[in-house]
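Got your viewer open and a free hand on the mouse? Let's take a walk through this structure together, one selection at a time.

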Amino acid sequence: MSRKLKDVVGRIDDLVTSFDKGPQDEQVVNRDPTHSYVIESEVVGRGEDKEKLVKLLTEASPTNNLRVLPIIGMGGLGKTTLAQMVYNDPRVEKHFKLLIWVCVSQEFRVPHLIKLIIDTVINEDSKVPCDNMQLLQNRLRKEISGQRYLLVLDDVWNDKKDKWEQLRVLLNCGDLGRTVIVTTRDVRVASIMGTVQSNILGCLGEEDSWTLFHKRAFTEGIKERLELVEIGKNLVQNCGGLPLAIKTLGGLMSNKHDVHEWSAVLEQSTTWNNEVLPILRLSYDHLPSYMKQCFAFCAVFPKDFVMVKEKLVQYWMANGFIPSEMPGNLEMTGSDIFDELAWRSFFQDVKQVLGEHGYQPNKTTCKMHDLMHDLAQSVMRDECLSLQESSQIHNTPQCNVRHISWECVSIHIYKAFECFPVARSLIINKGDVIGTKEKNKVPKSNSLRVLDLPIYHKELVMEIVPFGKLKHLRYLNLSCRIMRTLPDAITTLYLLQTFRLHNCFHLSELPKGMRYMMSLRHLYIEGCSQLQSMPPSLGELKFLQTLSCYIVGIGEGNKIGELNTLNLGGQLEVYNLREISDVRDAKEANMASKQNLDRLILCWGMRNSSVQDVESNGSKTIVVDPFDVLDALKPCSKLKALEINGYIGDNFPIWRTGLENLVELYIIKCRRCTNLPPLHRLPLLQVLHIKYLDNLRQLCCGVFMSAEGGEVSAITFPSLKSLELHEMANLNCWYEGDIGDKSRLIFPVLNYLDIRDCPKLSAIPVTPLLETRPCRSVEPYNWNNNYPKP
């Protein structure tokens, strides 16, 4: 058996090697080269892009170096067409002495490219052999030295910097203003070659898309009838603003005269997709095999689905798509793969989305162009399935389905297991799970790697899903607002990597044996407001990187020291710090070592504890100075956001204002506090919210004197944009020594100021942005919807 297994593994390795060799099919190798000619009257929607580039090309160059201008976009978006329009513009022809067009395409061989440039300049075959670099560079310098030239390198795929450097050195011998335009699908290529800001080409708008389709479809033989226009507009929507698809589809419809022929094309898009997808597949063919799997998996989601980077990477991890032998951990490698796919235009609309309610972490989201989604589906064929209606489950061949996403009104969980016995991913994006407790119908599926059920359950799904049999499960999402308990069988999921329990408001406890889940890397339990304790000995989970909440206990295995060896990142909320009875326990947490932590909440009570509960600490007498505890919990200086809630000390260390990267600071319900550290010294602080500090008298403490010991120098918060001061009855001045002269305190970039129930605070500091416009036009920097707008 071992010899047979070795033979099978060897065959698999041979297949992987053949995939990694890159594009092999005849279609890719024989792709037609491009040229510089274009009929501009047939181009739609690129006038503004053209004018921008022409202006940039014809203005005086600020340096004597070679200018390189990249044009970036996915396949079929019109990069070559835009370059052709610019190349043939009379203003460009007049500005440059030499105009050179070279189609690079698959291979970036420097000798071959130099010969193509020479042949184009002299307008004939130079007869210089491609294998003699000395002759080639001599001839190139002879032809372009002293000439202001424009060189278009169309369809560049090379991302090797050394190859570009070889060519760049030889091209840098022309006259002042020499310029290269590069068209590419890859952002990384543009970053390697470009010297000026890239022109990122977008899809056509709805009006331009229809105009382009109309030019192609309604020729002399096709009359513009109302019913055809209606079908045509629906067809254009399916193209997603991609000019190549619109032109191809328009040309196809120009040969069809009847309404039923147009309707048939609308129902079945494969006819024109067969011409469009091969162009897009060129990008796919250039991916390494593991990246191809990651991209193709995205076919499981419906079109226009907003994908979250963090979750997508975890799906890839769970399915084994991310190579474990690559440097760095799986999350870092997955993040690099995501970025690579975005750079290569497989993803679009990549953006950072602000976290809700001010302090939740930001997240990266993206979408796929509809035709990129079609490409992914063509690769996966029937292995990915996106169900929109429950009835579709009966009309789908299920034997090969590996990954399913569901957006239905209700999903019968048993039916899902029964119909897809070899499924590896079951993702519920929207809907309710229902099921029956029939013992003789317990599903036997044990193939699942991903089970994502972030929904409201109508029944106790915990009793229906056979967790004890899902031994291969790597990703589990059971976020549910009404769930109260979890089955102990979950602790037998020894391969589980990601466990999500967001906003389980009624969940009272976690399974005690979670320390045995040795593969666990991410545990999300934020919003589980009824949790009163943590499972013991979580510090034994050596791979754990995300622990969004930790509740300090008093027994062995529940103290804050369990965090010591955990290399946590993202956001961490620590509750019940009042239970720390020894400063050594706080130091044992080793918070300063957690360099991947972005956001930290330190709370002396539980989530819903009153100030009186925290200060009384039940019947227990406080035997440790809270200041020492907070001082011992000093986090890494890379921290971006910090909240201190319910602190029962008089003064804040804030770690001697050593948090130079802090962007957001929230100080809430610290009733005893009388002084704050010099927060104005935090150079990057943008958000400062201070609420319910009864004994605080001034915002800034310390004496601010000039070097000569004379006047008080101006105090400034250089980056602060949002300031909230709520319910501080004794706050009567802005800083120590304040005599009402507001010129001493300056907020140069403040654009949101909210002061409530601070009756003794009268003077308002200098706020240039607020003082130059009416208060009613002021919008918050990062608004928390829990409060009404002032």
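What follows is a tour of single spots, each with something to select and something to look for. Keep in mind that this is a predicted model.

**Stop 1: a helix with a nonpolar patch**

Begin by selecting V8, which sits in helix α1, residues 2-20. Add I12 and V16, and you have a nonpolar surface patch of about 220 Å². Is V8 buried, exposed or partly exposed? Its relative accessibility is 38%, so V8 counts as partly exposed.

**Stop 2: Y87 and its company**

Next, pick Y87 in helix α4, which covers residues 79-87. Y87 has a relative accessible area of 9%, so it is buried. Which residues does Y87 touch, leaving out those up to four places away in sequence? Show S36, V92, E93, L99, I100, W101, L150 and V152, and you have them. Now draw a distance from Y87 to V38: the two C-alpha atoms are 9.5 Å apart, while in sequence the residues are 49 apart.

**Stop 3: salt bridges**

Time for charged side chains. The whole structure holds 30 salt bridges, and we'll drop in on a few.

Select K115 and D119. They form a salt bridge, and their closest N and O atoms are 3.0 Å apart. Both are in helix α6 (residues 110-122); because they are 4 residues apart there, about one helical turn separates them. K115 is buried, at a relative accessible area of 14%, and D119 is buried too, at 17%.

Then jump to R599 and E664, another salt bridge, with 3.0 Å between the closest N and O atoms. R599 belongs to strand β19 (residues 596-603) and E664 to strand β21 (residues 664-668), so this pair ties together parts that lie 65 residues apart in sequence. Both R599 and E664 are buried.

For one more, select K691 and E724, a salt bridge whose closest N and O atoms are 3.1 Å apart. Here the partners are K691 in strand β22 (residues 687-691) and E724 in strand β25, so parts 33 residues apart in sequence are tied together. K691 is buried, and E724 is buried as well.

Before moving on, highlight D159, K160, D186, R188, E340 and R344 in one go. Salt bridges link these residues into a network.

**Stop 4: rings meeting rings**

Switch to the aromatic side chains. There are 18 aromatic pairs to find.

Try Y284 and F295: a tilted pair, 6.0 Å from centre to centre, with 50° between the planes. Which parts does this pair tie together? Y284 is in helix α14 (residues 270-285) and F295 in helix α15 (residues 289-297), so the pair joins parts 11 residues apart in sequence. Y284 and F295 are both buried.

While Y284 is still on screen, bring up K292. The charged end of K292 sits over the ring of Y284, 5.4 Å from the ring's centre. For another view of this kind, select K233 and W210: the charged end of K233 sits over the W210 ring, 5.5 Å from its centre.

Now go to F297 and F301. Their rings are edge-to-face, at 6.2 Å centre to centre and 90° between the planes. F297 has 0% relative accessibility, so it counts as buried; F301 is buried at 3%. Widen the selection to F297, F301, F305, Y315, F321 and Y475, and you are looking at one aromatic cluster.

**Stop 5: two unusual backbone angles**

Most residues other than glycine have a negative phi. So what about D304? Its phi is positive, about 70°, though D304 is not a glycine. Find D304 in the loop between α15 and β6 (307-308).

E727 is another non-glycine with a positive phi, about 50°. Look for E727 in the loop between β25 (722-726) and β26 (733-735). Its relative accessibility of 38% means E727 counts as partly exposed.

**Last stop: a buried loop residue**

Finish at N576, in the loop between β18 (569-575) and α20 (583-588). Is N576 buried or exposed? With a relative accessible area of 7%, N576 is buried. Show what N576 contacts, apart from neighbours within four places in sequence: I551, V552, C603, W604, G605 and M606.

How values were computed. Residues are numbered from 1 along each chain as its sequence is written. This is a predicted model: local features need pLDDT of at least 70, side-chain atom pairs count only at pLDDT 80 or more; totals for chains, interfaces and linings use all residues. Side-chain values use heavy atoms; hydrogens and water are left out. Rings of Phe, Tyr and Trp (its six-membered ring) pair if their centres lie within 6.5 Å; planes under 30 degrees apart count as stacked, over 60 as edge-to-face and the rest as tilted. Helices (H or I, at least four residues) and strands (E, at least two) are DSSP runs, numbered from the N terminus. Buried means under 20% relative accessible area, exposed over 50%, partly exposed in between (1.4 Å probe, protein chains only). A charge sits over a ring if NZ of Lys or CZ of Arg is within 6 Å of the ring centre and within 35 degrees of the ring normal. Patches are made of residues with over 30% relative accessible area and no salt bridge: like charges are joined within 9 Å, nonpolar side chains (Val, Leu, Ile, Met, Phe, Trp, Tyr) within 5 Å. Accessible areas come from the Shrake-Rupley method with a 1.4 Å probe; for residues, only the protein chains shown count as cover. A salt bridge is a side-chain nitrogen of Lys or Arg within 4 Å of a carboxyl oxygen of Asp or Glu. Contact means heavy atoms within 4.5 Å.
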